[in-house]
Amino acid sequence: MVPMMNEQSGDPLDEARRQWSELNEMLTKSQQAYYGADAPTMADEAYDDAMRKLQELERTHPQLAGPDSVTQRVGAATVTDFSPVTHRQRLLSLDNITTQEELTSWLARSGEGPWLCEVKIDGLAINLLYLDGKLSVAATRGDGRVGEDVTHNVTTIKGIPRTLTGNEVPAVLEVRGEIFFPVADFADLNASLVEAGKAPFANPRNAAAGSLRQKDPQVTAGRPLQMIVHGVGARDGLELTSQSGTYELFASWGLPVSPLYKVLDTPKAVEQYITYYGEHRHEVSHEIDGVVIKVDDFAGQNSLGTTSRAPRWAVAFKYPPEEVNTTLLDIRVNVGRTGRVTPYGVMEPVVVSGSTVEMATLHNAHEVKRKGVLIGDVVVLRKAGDVIPEIVAPVVALRDGTEREFVMPTHCPSCGTELRPQKEGDKDIRCPNSRSCPSQLRERLFALAGRGGFDIEALGWEGAAALLAEGLLVDESGLFRLTAEDLLKTDLYTRAVKKSELEDPAKAPPGGVRDGRVLSSTGEKLIANLQQAKEQPLWRVLVALSIRHVGPTAARSLAARFGSLDAIREASLEDLAFTDGVGQVIAESVKEWFDVDWHAAIAEQWAADGVRMADEVDESAPRTLEGVTVVVTGTLAGFNRDEAKEAILSRGGKAAGSVSKKTDFVVVGENAGTKAEKAEQLGRPILDEDGFRKLLAEGAAGVLTAE
């Protein structure tokens, strides 16, 4: 709740009026930047929060709500070189809701359904006026009453018909829709703008708006703009009864209609639609920020009516924002396990997608320049679900001249070695001191202990740093020779000794006492983890060796085909490359790795210390899956993910990670995701866990015969 008391005047209304004025001015400027200049200065979340505060003030003090309030306007009028166009029927905005309670309440108020649900495109609203079936005028939303004439530019967009084809085309028809910039093309556009010395766009929505409002239609024609229709305005000679019927008619006339809309009869179905696209919003070609729910029946729409700015028969359910604005305080570099030097942004901490973010990758110096970001910029930060936070673009309109360019270091910040690309033409630069660079060694130790490697739970990033700081390791070769006595030299893996442990020899901890300290439970766990790691399968050993490009998938394939590290080392380049899922690049990387003496010495020392370097061949497992590709998705009761893959590989099959037309079977467990849906779309055979066991035992023929 916004506070209402002014300490100086003591009059609650005076304080409310002051706050109203500040919020209204801020939102007005934001609208002008968003609608008028295509250069937003506020993130959507901040704008929506300020709007909610203003609306709350006006609910509490109705006398504040007047015609100059942004709550009474759809958008902002713009002053440009484009001619003004008065829409025949006003373009309204949409009210937003964000919670289950608000959705339930709105559905109850809107009637008994059915409701049309469609994804909310984050683009630029457009109004197309067709007279006798021919495109007469195309105009932006503007303030809802008057927009800008962008007809010449709109006619360059593929997919927007100049003439409607088909039957019963009315004499007058206003078509409402959204012009958007495909996500896949956004980064390339910004890169070309930066290269040309122009300001990049903050996001695809502004790329769409900026591309459409070009003075030269040829510039618009060169941009991959698309449109989807989502409504109807004025019409003459056309009787319509429903939103969905309108869409069907539009499609028959050649207008671009979204294939994603659905007409749903129950609130539960509406909730499921919202949930589905909340989880799959990044699988759509355009940016979406929510779902629009509309009463499908036009009679129901008419009975509900509208407010001054929005219909009561439609609402937008907004998803939690994945983009926020924050300040880029610095750009620093990190040296990875293969020596790659990666710039990353250090930002003012900000909450996005439910977590606080302070750092985001920038990939390489080329990418920093490509994005056009400067140290000190306000930037758009994006964190889509579990994806690593990414700096999308700078907010150029907020620059004040204090920003500065990032300069890539010429020498490794960890060991001082001169940096260079591994091969001519590489965009990445690397520290060639791979053996003794402290950063590389620390990252390799951390990586080999990960779940894809030896799965050493007690050896994390801090643990790797502690072992190196005490000189207990000079490279990975000594890992399995670590003892309890060695760990006593660290603070991380020890604790203060208890008096009872000194008095009773039976309670003496392993490793004894050193300087009043004994092994902690974490230290004891690390010793136990190291013993267990020696029995890990060969593919995990391959991952742990940090061979460039060799991840779990390639490692599994190599281990399954060759069976031992010696066989992999002795294999020819052609044999390695022929391995399914390996190819020429990975094969060359494997050969190059073993050609380095100290690399081979690590593997030899691990073998001497008892690490298993060959898989036991299970001759009892029949080769029932030769040439068969299987995808496992969801949770199985009798197999974890690794066990399911091993079962497939040991029988000669391929355990794939994605579903395609080449997939032979898809095994679906509990909580399966999009892979199960894609299998249905492609018509691939789907098995439950019992079917999977039958497949393992009898092969494809046994399963297909049973069906």
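Colleague: What does R370 count as at 22% relative accessibility?
Modeller: Happy to start there. Buried means under 20% relative accessible area, exposed over 50% and partly exposed in between (1.4 Å probe, protein chains only). R370 sits at 22%, so this residue counts as partly exposed.

Colleague: Thanks! What kind of model is this?
Modeller: Residues are numbered from 1 along each chain as its sequence is written, and side-chain values use heavy atoms, with hydrogens and water left out. Local features need pLDDT of at least 70, side-chain atom pairs count only at pLDDT 80 or more, and totals for chains, interfaces and linings use all residues, for the model is predicted.

Colleague: How many helices and strands does the protein chain have?
Modeller: Helices (H or I, at least four residues) and strands (E, at least two) are DSSP runs, numbered from the N terminus. Along the principal axes, the C-alpha atoms of the protein chain fill a box of roughly 90 × 75 × 55 Å. The chain counts 25 helices and 22 strands.

Colleague: What share of the 707 residues in the protein chain is buried?
Modeller: The figure covers the protein chain with its 707 residues. The share of buried residues is 49%.

Colleague: And what share of the contacts with a separation of 6 or more comes from residues 24 or more positions apart?
Modeller: Contact here means heavy atoms within 4.5 Å. For the protein chain, residues 24 or more positions apart account for 66%.

Colleague: Back to R370. Which residue does R370 form a salt bridge with?
Modeller: A salt bridge is a side-chain nitrogen of Lys or Arg within 4 Å of a carboxyl oxygen of Asp or Glu. The partner of R370 lies three residues away in helix α11 (residues 365-371), about one turn of the helix. Its relative accessibility is 14%, so it counts as buried. The closest N and O atoms of the pair are 3.9 Å apart, and the partner is E367.

Colleague: Which residues are linked with E367 and R370 in a network of salt bridges?
Modeller: The structure holds 25 salt bridges. In this network, E367 and R370 are joined by D188, K371 and E390.

Colleague: Are R176 and E174 buried or exposed?
Modeller: The side chains of R176 and E174 meet in a salt bridge, at 3.4 Å from N to O. Both residues are buried.

Colleague: Now for helix packing. At what angle do helix α3 and helix α9 pack?
Modeller: Axes are lines fitted to C-alpha atoms, for helices over the stretch in contact, and angles run from 0 to 180 degrees between N-to-C directions. In α3, Q100, L103, T104 and L107 meet P267, V270, E271 and I274 in α9. Helix α3 covers residues 100-110 and α9 covers residues 267-279; their axes lie 11 Å apart, at an angle of about 140°.

Colleague: How are α12 and α13 placed relative to one another?
Modeller: The axes of α12 (residues 438-448) and α13 (residues 461-469) come within 8 Å and cross at roughly 130°. Angles under 35 degrees count as roughly parallel, over 145 as roughly antiparallel, 65 to 115 as roughly perpendicular and the rest as oblique. That crossing angle therefore makes α12, relative to α13, oblique.

Colleague: Which residues does R442 touch, not counting residues up to four places away in sequence?
Modeller: R442 is placed in helix α12 and is buried, with a relative accessible area of 17%. Its side chain also meets that of E443 in a salt bridge (4.0 Å, N to O), and E443 counts as buried at 15% relative accessibility. Leaving out those sequence neighbours, R442 touches W461, A464, A465 and L468.

Colleague: Which helices do the buried residues of α18 pack against?
Modeller: In α18 (residues 552-562), the buried residues are A554, A555, R556, S557, L558, A559 and F562. Just after α18, G563 takes a positive phi of about 80°. The buried residues of α18 pack against α17 (538-544), α19 (565-570), α20 (573-578), α21 (583-594) and α23 (641-650).

Colleague: Last one: which residues does L649 touch, not counting residues up to four places away in sequence?
Modeller: L649 has its place in helix α23 and is buried, at a relative accessible area of 16%. From V628, L649 is 21 residues away in sequence and 10.0 Å away in space, C-alpha to C-alpha. With those sequence neighbours set aside, L649 touches R556, R623 and A655.
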